[in-house]
Amino acid sequence: MTSVSCDKLNDALQRADAHAPHLRLLMTRHADVRDALAAGNLEAALSFHKAPIDPEEPIGRALRRAKGQLALAVAIGDLAGLLDLEAVTHALSDFADVALDHAINAAIAQYRPGADPRGLAAIALGKHGSRELNYSSDIDPILLFDPQTLPCRDRDDPVEAAVRIGRRVVEIMQTRDENGYVFRIDLRLRPTPEVTPIVMPVDAAITYYESQAVAWERAAFIRSRPCSGDQALGQYFSNALKPFVWRRGLDFGAIKEIRSISHRIRDHYASGQAFGPGFDLKRGRGGIRECEFFAQIHQLIHGGRDPALRTPATVDALRALADAGHIGADEADTLIAAYRLYRTIEHRLQMVDDQQTHSFPKDPAALDNVARLHGLDTANTLFALLTPHITAVSTLYDGLDGTPGEAVPQQEESLEAMLRAAGFTDAASAAQRVVHWRSGTVRALRTPAAREALEAVLPKLIEGLGKAPDPLHAINQFSTIVERLPSAINLFRLLEARPALLAMLADILCHAPTLAEQLGRRPDMLDRLIDASALDAPGSVAEIADQLRGGETLEDRLDRVRRIVGEMRFALGVQLIGGVHDALEVAGGYARIAEAAINVVADATVAEYERVHGKVPGGELIILALGRMGGAELTHASDLDLIYLFTGDFAAESDGAKPLGAVHYFNRLAQRVTNGLSVATAAGPLYEVDTRLRPSGTDGPLSVSLEGFAKYQREDAWTWEHMALTRARPVYGSPDARAATQAIIDAVLAAPRDTAKLIADAGKMRGDMAAHKPPKGPLDVKLWPGGLVDVEFVTHVTQLRTGQGLKPQLADAIRALVALGHLEPFMIDAHALMTRMLVTVRLMAPSLDIPPEITRPVIARACGMPNWEALLAELDATRQRVAKSWMAIVAPKGD
């Protein structure tokens with residue numbers, strides 16, 4: 001490695017540390033990779049993830065560590081300009097192949113120990129199939145099995161065996177721990193996913209594609225390949241599908257399919273996509289998707305007769321099309337140059353926080369941060385770099401549709417009249433949505449039954465959406481939901497049967513993108529809202545837990561918890577939008593639901609675990625909640641900060657058929673509980689769990705003895721850990737175990753301490769947070785200077801300094817400290833206002849950008865303010881007073 005390359009790598013490390021919190025975290029986790037990069041040894045850094053896997057180590061943990069090592073090395077090599085786009089995407093895609101292969105083999109081995117890992121194959125689609133994975137991509141495989149060769153237990157039929165193995169594959173890949181996750185998996189691209197098992201019999205899948213598949217599925221298989229598992233089986237499937245994808249004759253129907261693909265993407269995503277802040281680089285006009293579709297449309301036209309055009313990667317396809325004379329060489333060069341730049345910038349967007357985003361931030365500071373990560377001075381420079389490519393690509397893509405505009409059919413004119421009468425001021429745009437649904441190109445509406453269901457509900461649907469604050473926005477959002485569904489029949493029939501739901505639906509679509517996304521995955525959630533009790537506040541933790549319990553197997557129990565918790569959280573969000581309950585009550589409801597889920601999941605996991613390993617005499621698991629969970633005030637998006645403890649003798653051994661030492665026993669049990677709370681199942685996700693607040697952080701064991709916890713807190717804990725402990729609350733364990741844990745917390749917090757050191761440590765920590773974790777947007781009420789974090793710091797420092805007001809609920813602690821004269825009375829209202837704002841914007845403006853104008857009055861009302869301007873003014877005044885209170889602690893006048 002030359003000195004120039006070494007300098008480039010170190011410059012990239014500095015930019016990553018300054019501008020990408022996710023990469024900064026990876027540098028901390030994987031110091032060996034970071035050190036190799038700092039020494040200029042990119043080749044060595046790229047080899048760490050290839051180390052042999054210890055057979056004694058859980059496969060998921062090994063893969064998560066390897067993914068982090070690779071992600072760091074690839075990112076820094078990319079930022080340094082030493083890895084081109086293909087090197088980056090191939091490395092990520094090849095690792096996805098290997099990881100999925102390991103997961104399949106491990107799942108089969110766990111299901112049927114000693115069996116040959118055969119009979120189950122993964123077909124990669126999309127960017128995974130073309131070896132073009134993004135830095136933070138999901139993978140979208142189709143899982144197939146051969147009933148004749150898949151290992152199967154005597155009591156299981158092949159479908160049941162395949163589904164069990166498939167669920168374990170997903171669990172291995174998606175489970176999160178302190179090292180993150182391997183890959184998120186989306187299995188919804190399989191045929192009719194609403195009714196088919198997650199792993200399909202291979203011949204049934206082939207029959208479907210030969211007889212029932214629609215245009216988008218044909219296009220999807222341009223970028224497909226067998227990637228993992230039984231390669232012979234995967235190749236058998238791919239060979240069988242070639243005639244389906246690559247048709248030798250081009251008839252009128254094929255041309256119509258190709259045009260429908262083009263219109264679908266342009267109509268759906270082009271509206272409202274001005275280039276600049278907030279622009280979607282993937283879906284926006286002239287962006288990534290248009291480069292890909294330009295290539296794929298020409299491949300569908302010509303690839304049936306020319307096998308050389310059947311390459312899945314976009315750049316390779318464009319070159320092949322140019323070489324064959326189907327597109328101009330200058331067109332190919334234009335699209336390739338744009339595509340390379342777009343994908344590189346897309347990776348920058350994703351490197352910041354490991355989010356699967358394709359849109360530029362709207363906040364100017366966040367935009368500049370992305371530009372500086374790329375090595376530019378400002379966002380304006382970045383946009384100037386992209387602008388000529390956006391213009392060139394959109395011009396080329398415009399040329400795909402050479403058909404002159406046709407007269408609007410009379411049916412469409414009457415549709416526009418109906419929409420205008422319902423309240424749609426832009427009836428023409430709304431009519432385009434309905435015409436698109438009727439066109440037969442939407443997956444959810446491809447069957448006659450689905451289109452009949454649409455026509456039956458359409459008048460009521462138009463009437464209901466027309467009453468929304470912004471009818472066009474509502475129908476566009478509804479269209480997004482419809483297009484994500486495998487089938488829209490149930491949704492349309494539900495709305496036809498229950499027209500009262502349409503008003504709620506309109507509010508959700510206009511004001512709550514998070515709920516709208518959930519609705520797209522589970523439209524049956526609307527049905528729950530018909531019950532009058534759905535708008536009641538959740539009951540006690542015990543009452544909620546009673547509703548969550550049920551199911552024969554552990555898998556059934558976890559699915560039930562996810563389903564009902566999802567419904568309850570959805571209902572709370574609707575209550576917040578509708579102003580049914582105060583946002584503070586909603587925050588408490590979210591926390592009670594989470595606590596009930598923790599108890600039910602832990603009980604079910606412990607019972608299953610004890611069946612195999614028995615109990616540790618005198619020992620039990622304790623779960624301690626911290627952060628917002630400890631303070632019993634969650635938002636819709638909150639994760640759970642948990643610490644796992646155990647009682648009894650750490651040297652003891654369990655009494656089951658497979659005994660374990662106490663330390664090993666409770667650490668494995670804690671991981672099982674974490675998985676039970678965090679891994680997505682067929683019923684969806686539950687919560688993300690963060691265990692980094694445990695003693696010694698990620699360097700320490702997942703679960704520690706109660707005695708060890710007490711000793712650590714007394715002798716080794718940092719000031720920030722005691723500040724975190726002020727909101728610690730036992731949420732699982734026997735009454736005696738909880739009482740013993742609470743006694744330790746009380747004793748630690750009430751102990752005398754060096755006030756000067758406390759204030760100095762807290763001041764430094766707050767300064768570090770401000771430097772390394774800036775606000776994510778203009779509505780980040782949590783991280784603003786003078787925001788909710790400063791309210792927490794003022795409160796926690798005062799609690800530790802005085803030894804009083806030691807209550808985990810922040811509101812109770814502030815009130816107690818105000819009553820004792822330690823805090824100014826305004827802090828009560830400051831905490832309430834900012835918490836209401838936090839809970840509300842996490843649901844209605846999750847990007848933390850300024851929301852659409854129609855949503856601003858709803859947010860203001862939820863925060864107890866008459867209008868948006870009054871809310872902003874009150875927040876600004878409150879922030880100034882909170883900031884002044886914080887400065888009075890860390891830099892009092894006269895010092």
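Before placing any residue, I note that helices (H or I, at least four residues) and strands (E, at least two) are DSSP runs, numbered from the N terminus. I also note that this is a predicted model.

**Entry: two loop residues with positive phi**

I looked up S696 and found this residue in the loop between β7 (689–690) and β8 (703–705). Its phi is near 70°, a positive value in a residue other than glycine. I took exposed to mean over 50% relative accessible area and buried to mean under 20%; with a relative accessible area of 40%, S696 is therefore partly exposed. I then turned to A632, which lies in the loop between α29 (627–630) and β6 (640–646), and which has a positive phi of about 60° although it is not a glycine.

**Entry: the nonpolar cores**

I asked myself which residues touch the most other members of the largest nonpolar core. This core has 163 residues, and the ones that touch the most other members are F478, F492, L495, L526, I623 and Y644. Among the contributing elements, helix α28 (residues 583–613) gives the most to this core, with 15 residues. I followed L526 further and, leaving aside its neighbours within four places in sequence, I listed its contacts as L491, L494, L495, L501, L505, I508 and L519. There is also a second, separate core of 103 residues, which includes L13, I198, I288 and A338. As background, I keep in mind that in soluble globular proteins nonpolar side chains tend to be buried together.

**Entry: helix α21 and its partners**

I looked next at how helix α21 (residues 471–484) packs against helix α24 (residues 513–521), and I noted an angle of about 30° with the axes 8 Å apart. Since angles under 35 degrees count as roughly parallel, α21 and α24 are therefore roughly parallel to each other. Their crossing is right-handed. In this pair, Q477, I481 and R484 of α21 meet A516, E517, L519 and G520 of α24, and the residues of the contact divide into three nonpolar, two polar and two charged.

How do α21 and helix α23 (residues 501–511) pack, and at what angle? I found an angle of about 90°, with the axes 8 Å apart, which makes α21 roughly perpendicular to α23. Here H473, A474, Q477, F478 and I481 in α21 meet L505, L509 and C510 in α23. By class, I recorded six nonpolar, two polar and no charged residues in the contact of α21 with α23.

I see that Q477 and I481 appear in the contact with α24 and also in the contact with α23.

**Entry: H30, buried or exposed?**

I located H30 in the loop between α2 (21–29) and α3 (31–38). At 3% relative accessibility, H30 counts as buried. Not counting residues up to four places away in sequence, H30 touches R65, G68, Q69, L72 and N179.

**Entry: A107 and what it meets**

I placed A107 in helix α6 (residues 85–111), where this alanine is buried, with a relative accessible area of 2%. Leaving aside its neighbours within four places in sequence, A107 is in contact with I165, R168, V169 and I172. I also checked R167, which is 60 residues from A107 in sequence and 8.6 Å from A107 in space, C-alpha to C-alpha.

Definitions and conventions:
Residues numbered from 1 in each chain as written. Predicted model: local features only at pLDDT ≥ 70, side-chain atom pairs only at ≥ 80, totals over all residues. Heavy atoms only, no water. Core = buried A, V, L, I, M, F, W, Y, C linked by side-chain atoms within 4.5 Å. Buried < 20%, exposed > 50% of the residue type's maximum accessible area, 1.4 Å probe, protein only. Contact = heavy atoms within 4.5 Å. Axes fitted to C-alpha atoms, helices over the stretch in contact; angles between N-to-C directions. Parallel < 35°, antiparallel > 145°, perpendicular 65-115°, else oblique. Left-handed = near helix turned anticlockwise from the far one by under 90°. Nonpolar A, V, L, I, M, F, W, Y, C, P; charged D, E, K, R; others polar.
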